[in-house]
Amino acid sequence: MWPDRDLDYVKLEKDSEGIHLGLFINEQLVSIISLFIDGEKAQFRKFATREEEQGKGYGSQLLIHLLKEAEKYPIAYIFCNARIERTAYYEKFGLKKTEQNFEKGGRKYVIMEKRIEPKSL
């Protein structure tokens, strides 16, 4: 995700509170994503797929799984910080752009969100 940065750049203070998922192919980790829940909102972050494995649908499989898992929690919506050039990708999964934009590490982002309809037990 940030191959030109050291590992500390991607670490978060609350990493231990997240739900971290990975997709493995032949025992090799190829795609990762983390879910952080805070009250009625949840954010997925740290979504990345190995460069040589991109375009094979692994990240999409992982994101679909994460969105289904999120429905198990009492949250109203889930959001992410999407790179501007990747918004069409997230729209395929029902996320919508908000008016909130920012820049980090020389990249432009928009916050995208999706309302969650929790399944009743």
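Ser 31 has a relative accessibility of 0%, so this serine counts as buried. It is a good place to start a tour of this predicted model. From Ser 31 we can look at the polar partners of its side chain, one of which is Thr 49, and then move on to the aromatic rings, where eight pairs are counted.

**Ser 31 and its setting**

- Ser 31 belongs to strand 2, which covers residues 28-38.
- Leaving aside residues up to four places away in sequence, Ser 31 is in contact with Leu 21, Gly 22, Leu 23, Phe 47, Ala 48, Thr 49, Tyr 58, Gly 59 and Leu 62.
- In sequence, 20 residues separate Ser 31 from Glu 51, while their C-alpha atoms are 9.6 Å apart in space.

**Polar partners of the Ser 31 side chain**

- Side chain to side chain, Ser 31 and Thr 49 share a polar contact of 2.8 Å.
- A polar atom of the Ser 31 side chain also lies 3.3 Å from the backbone oxygen of Ala 48.
- Both of these partners, Thr 49 and Ala 48, appear among the residues that Ser 31 touches.

**Aromatic pairs**

- The model holds eight aromatic pairs.
- One of them joins Phe 44 and Phe 47 edge-to-face, with 6.4 Å from centre to centre and 80 degrees between the planes.
- Phe 44 is buried because its relative accessibility is 3%, and Phe 47 is buried because its value is 15%, with the cut-off for buried set at under 20%.
- Tyr 89 and Tyr 90 also make an edge-to-face pair, because their ring centres are 5.2 Å apart and their planes stand at 80 degrees, where over 60 is needed for that label.
- Are Tyr 89 and Tyr 90 buried or exposed? Tyr 89 and Tyr 90 are both buried.

**How the rings come together**

- Which residues do the ring pairs link into a cluster? The members are Phe 44, Phe 47, Tyr 89, Tyr 90 and Phe 93.
- Phe 47 ties the two parts of this briefing together: this residue is in the cluster and is also touched by Ser 31.
- Tyr 89 has a charged neighbour as well, since the charged end of Arg 86 sits over its ring, 4.7 Å from the centre.

Key:
Residues are numbered from 1 along each chain as its sequence is written. This is a predicted model: local features need pLDDT of at least 70, side-chain atom pairs count only at pLDDT 80 or more; totals for chains, interfaces and linings use all residues. Side-chain values use heavy atoms; hydrogens and water are left out. Helices (H or I, at least four residues) and strands (E, at least two) are DSSP runs, numbered from the N terminus. Buried means under 20% relative accessible area, exposed over 50%, partly exposed in between (1.4 Å probe, protein chains only). A polar contact is a pair of N or O atoms within 3.5 Å; within protein, one must be able to donate a hydrogen and the other to accept it, and residues adjacent in sequence count only if both atoms are side-chain atoms. Contact means heavy atoms within 4.5 Å. Rings of Phe, Tyr and Trp (its six-membered ring) pair if their centres lie within 6.5 Å; planes under 30 degrees apart count as stacked, over 60 as edge-to-face and the rest as tilted. A charge sits over a ring if NZ of Lys or CZ of Arg is within 6 Å of the ring centre and within 35 degrees of the ring normal.
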